[in-house]
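The following exercises concern a single protein chain. Each task is followed by a solution that proceeds step by step.

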Amino acid sequence: MTIAVLDFGSQYAQLLARRVREQGVYSELFPHDAPAEAVMATKPRGFILSGGPASVYAEGAPQIPLYVLESGLPVLGVCYGMQALTHALGGVVDPAPQREYGPATLEVVRPNPLLPEGRYRVWMSHGDRVVRLPEGFVRLARTANSPIAAMGDLRRYFGVQFHPEVQHTPRGGEILRRFAVEICGAQTDWTPENIIAETVERVQAQVGEGEALAAVSGGVDSTVAAALVHRAIGGRLTAVFVDTGLLRAGEREQVEKTFRDALGARLVVVDATAEFLQALRGVTDPEAKRRIIGEKFIRIFEREAHKLGKPRFLVQGTIYPDVVESRAPDRSKAHRIKSHHNVGGLPEQMDFELVEPLRYLFKDEVRSVGEALGLPRPMVWRQPFPGPGLAVRCLGEITAERLAKLRAADAIFTQALEKAGLLRNGAQEAGAVSQAFAVLLPVKSVGVMGDRRTYQETVVLRAVTTDDFMTADWARLPADLLAEVSRRIVNEVAGINRVVYDITTKPPATIEWE
């Protein structure tokens, strides 16, 4: 049994599913026009309708599927979802005289099973509003700019104009728990142990008696994916680690040691540095880089598969944010942000059938599963690293010389954070740095060293705090630490004379620069 989230085009609809899962209730995300039989096959206990960019009264705007209302199950509309529920049940939605974006103070005006009583902060993002309630509905809450900020029939239909799924609504988790558990009666059995058991069973059903290759990078995603598949099929899994030449300082050695010690699985290491650098020569477009790297990965794995007897299956550590940002076929209602090399960057023709045990898990869930599997804590909480590696942190043309600069600057930065105890290495470390790295820009500026003019490249330092990696805030690092890191980089890394710090949140930026 699940809570079905219907996506009406919100870029962050998946956060609704994630927040429900945080309450121990399994939730699954579907496009709003998914076939009724596909949604109902999950035996939903209730529906959550996401936000979206449309105006519900406009021609061609997405509407609530009829089966949702005919099911008799509880429904919670969020932002556009509330407006769609209003429209479907005979209420009226009009353009608001003043759009409402950002924080607002919600005042609950009527006791109800959905909202905690009192006044508290919520996050608004809308240009339309409900001006007449459907018959049988009552107003539950208001804000200064939204006279009807929440509504309900106090039985099974509820709507909120704000976004309970985002961190900017501090009591959002409690609201979603009230809906999922108290109103819908869903069971709180979504735990790492159950995830492991269900995933192992699913992998065994997919692979059968076949053999598989696991594409491992040493990061938490690929390692947990390999560990799950290894638990499912044992010695029929071979892990392949490709040294692309796009790795961080000392990464190959660390990957070989930690992977073999932690899993005890067979590991094949392929040195493909020259191949990747040749394929990327002269390429500056980030989407082209990702496509080239994605295809090169697959071709190398196909080559290794021939040496190993042509295993049919390829294991990848694809997680939900990769799928969402790449606008994978099952997330086609969202706009593509960038093509992750293991989703949108894959070639159309492959010799493999993909096994992706983490495809619908969020980063925090992956880490919880990793800890439950008994993987070493340093591996589970290792700094995230994109599949294309330094290729998407080395902006502009990729050369061995530029990669060496970036690798050295990145090591100085992350080692300083680690020494200062600022890098996150546990689930409860709120405010600690979740991800930090350096970016090399194809931008030169004038400097002076030893009384001589220099004209050299620029390094950007990026550090963020986040729980889900779908939204992120820039880390407020100590000024003295940034000063020391800057001093060391310009003195120790030849060819760099300027260091800057990125203070942009996600959104509007992404965490990575490419």
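**Exercise 1.** What area does the protein chain expose, and what percentage of it do carbon and sulfur atoms supply?

*Solution.* The model is a predicted one. Its protein chain exposes about 21300 Å². Carbon and sulfur atoms supply 49% of that area. Turning to burial, 56% of the 514 residues are buried, where buried means under 20% relative accessible area.

**Exercise 2.** Why does the radius of gyration of the protein chain agree with that of a compact globule?

*Solution.* Begin with the chain length: for 514 residues, a compact globule would have a radius of gyration near 24 Å. Next, take the value for the protein chain, 25 Å, which agrees with that expectation. The C-alpha trace spans about 75 × 65 × 40 Å along its principal axes. Finally, consider contacts between residues at least 6 apart in sequence: 74% of these join residues at least 24 apart.

**Exercise 3.** Is strand β10 largely enclosed or open, and how does it pair with β11?

*Solution.* First, place the strand within the secondary structure, which comes to 15 helices and 18 strands. Strand β10 covers residues 212-216, and five of its five residues are buried, so the strand is largely enclosed by the rest of the structure. Second, assign the side chains: A212, A214 and V216 point one way, whereas L213 and A215 point the other way. In a regular strand, side chains alternate between the two faces of the sheet. Third, examine the pairing: β10 and strand β11 (residues 237-243) run in the parallel sense over five bridges. Within this pair, A215 stands opposite V240 in β11.

How values were computed:
Residues numbered from 1 in each chain as written. Predicted model: local features only at pLDDT ≥ 70, side-chain atom pairs only at ≥ 80, totals over all residues. Heavy atoms only, no water. Helix = DSSP H or I, 4+ residues; strand = E, 2+ residues; numbered from the N terminus. Rg over C-alpha atoms; globule rule 2.2 N^0.38 Å. Buried < 20%, exposed > 50% of the residue type's maximum accessible area, 1.4 Å probe, protein only. Contact = heavy atoms within 4.5 Å. Areas by Shrake-Rupley, 256 points an atom, 1.4 Å probe, with all protein chains shown as cover. Pairing = 2+ DSSP bridges.
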